[in-house]
Amino acid sequence: MGIPAFLAELREVVGHRPLWLSGVSAVVVDEDGRVLLGQRVDNGRWALIGGIIDPGEQPADTVVRECLEETGVTVRPERLVSVSVSPMIEYPNGDRSQYLDLVFRCRPLSGEARVNDDESLQVGWFHPDALPDVGDRQREHIARALAGKDEAHFELTDR
């Protein structure tokens, strides 16, 4: 599974130490209310489509790029659903990262869902009441995207 060139260069300097990165997740909802998911190569889990924002790239552009790269589906971001911080993630190679995660609700414009790169084992459309085994954060993102609220969810820590 490839990583962006800027991140590979950064990893040469910092090794496996934790990195703070910006990423996006796409809750792509089709006309039948189904959600597009991919089964990840690195851990075998089903997840929303997403990825790391390249330096200088607009987050909505990242959503469009990642969906096309990973699934062959061209999407239109409709709204920002959530702004949150992921837990620290440790990848199988030992790299550790934590993400500012921007979640967008999107609609598909064209293309047939398929494995379109080396990051997914499978991709598919799922009804919200019949999701495969996805994590709790993924389920929360999906529920928020389907709730129909206009405002984005965020968390405020009392200090």
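Here is a chat between a student and a tutor about this predicted model.

Student: Let's start with the overall fold. In what order do the elements of the protein chain run from the N terminus on?

Tutor: The chain has three helices and eight strands to place. Read from the N terminus on, they run α-β-β-β-α-β-β-β-β-α-β.

Student: What radius of gyration does the protein chain have, next to what a compact globule would have?

Tutor: The C-alpha atoms fill a box of roughly 45 × 45 × 30 Å along the principal axes. For 159 residues, a compact globule would come out near 15 Å. The chain agrees with that, with a radius of gyration of 15 Å.

Student: And what share of the contacts joins residues at least 24 apart?

Tutor: Here we look at contacts in the protein chain between residues at least 6 apart in sequence. Among those, the share joining residues at least 24 apart is 71%.

Student: Now the pockets. Which element gives the largest share of the lining of the largest pocket?

Tutor: This pocket holds about 1,300 Å³ of space. Elements giving two or more residues to its lining include helix 1 (5-14), helix 2 (59-71), strand 6 and helix 3 (136-146). The largest share, seven residues, comes from strand 3.

Student: Which residues lie nearest the centre of that largest pocket?

Tutor: There are 45 lining residues to pick from. By class they divide into 15 nonpolar, 15 polar and 15 charged. Nearest the centre are R40, D42, I89, Y91 and Y99.

Student: What about the second largest pocket: which element gives the most to its lining?

Tutor: The volume here is about 150 Å³. Its lining includes D30, E31, R34, P108, A113 and W125, and by class it has five nonpolar, two polar and four charged residues. With three residues, the element that gives the most is strand 6.

Student: Let's follow P108, then. Is P108 buried or partly exposed?

Tutor: P108 lies in strand 6 and is part of the lining of the second largest pocket. Its relative accessible area is 24%. Buried would need under 20%, so P108 counts as partly exposed.

Student: How far apart are the C-alpha atoms of P108 and V75?

Tutor: Beyond four places in sequence, P108 is in contact with V28, V29, D30, V73, T74, V75 and W125. P108 and V75 are 33 residues apart along the chain. Even so, their C-alpha atoms are separated by 4.3 Å.

Student: A113 lines the second largest pocket too. Where does A113 lie?

Tutor: A113 is partly exposed, at 29% relative accessible area. Setting aside neighbours within four places, A113 is in contact with L36, T71, V73, V123 and W125. Its place in the chain is the loop between strand 6 and strand 7 (120-126).

Student: Back to strand 6. Which backbone oxygen does the side chain of R105 reach?

Tutor: R105 has its place in strand 6. Among the residues that R105 touches, beyond four places in sequence, are V27, R76, E78, A145 and L146. The C-alpha atoms of R105 and A145 are separated by 5.7 Å, although these positions lie 40 residues apart along the chain. At 2.8 Å, the side chain of R105 reaches the backbone oxygen of A145.

Student: Which side chain makes a polar contact with the side chain of S97?

Tutor: S97 is in strand 6 (residues 96-110) and is buried, with just 3% relative accessible area. Leaving out neighbours within four places, S97 is in contact with R11, L19, L21, P87, M88, I89 and Y91. The side-chain polar contact, at 3.1 Å, is with R11.

Student: Is R11 buried or exposed?

Tutor: R11 lies in helix 1. Its contacts beyond four places in sequence are H16, R17, L19, D95, R96 and S97. With a relative accessibility of 10%, R11 counts as buried.

Student: And which backbone oxygen does the side chain of R11 reach?

Tutor: We've already seen the side chain of R11 paired with that of S97 at 3.1 Å. The side chain of R11 also reaches a backbone oxygen at 2.7 Å, and that oxygen belongs to R96.

How values were computed: Residues are numbered from 1 along each chain as its sequence is written. This is a predicted model: local features need pLDDT of at least 70, side-chain atom pairs count only at pLDDT 80 or more; totals for chains, interfaces and linings use all residues. Side-chain values use heavy atoms; hydrogens and water are left out. Helices (H or I, at least four residues) and strands (E, at least two) are DSSP runs, numbered from the N terminus. Buried means under 20% relative accessible area, exposed over 50%, partly exposed in between (1.4 Å probe, protein chains only). A polar contact is a pair of N or O atoms within 3.5 Å; within protein, one must be able to donate a hydrogen and the other to accept it, and residues adjacent in sequence count only if both atoms are side-chain atoms. Contact means heavy atoms within 4.5 Å. On a 1 Å grid over the protein atoms alone, a cavity is a set of points where a 1.4 Å probe fits but cannot get out, and a pocket is an open set with protein on both sides within 12 Å along at least five of seven lines; lining residues have an atom within 4 Å of a point. Grid points are joined across faces, edges and corners, and a volume is the space filled by probe spheres set on the points. Ala, Val, Leu, Ile, Met, Phe, Trp, Tyr, Cys and Pro count as nonpolar, Asp, Glu, Lys and Arg as charged, and the others, Gly among them, as polar. The radius of gyration is taken over C-alpha atoms; the globule rule is 2.2 Å times the number of residues to the power 0.38.
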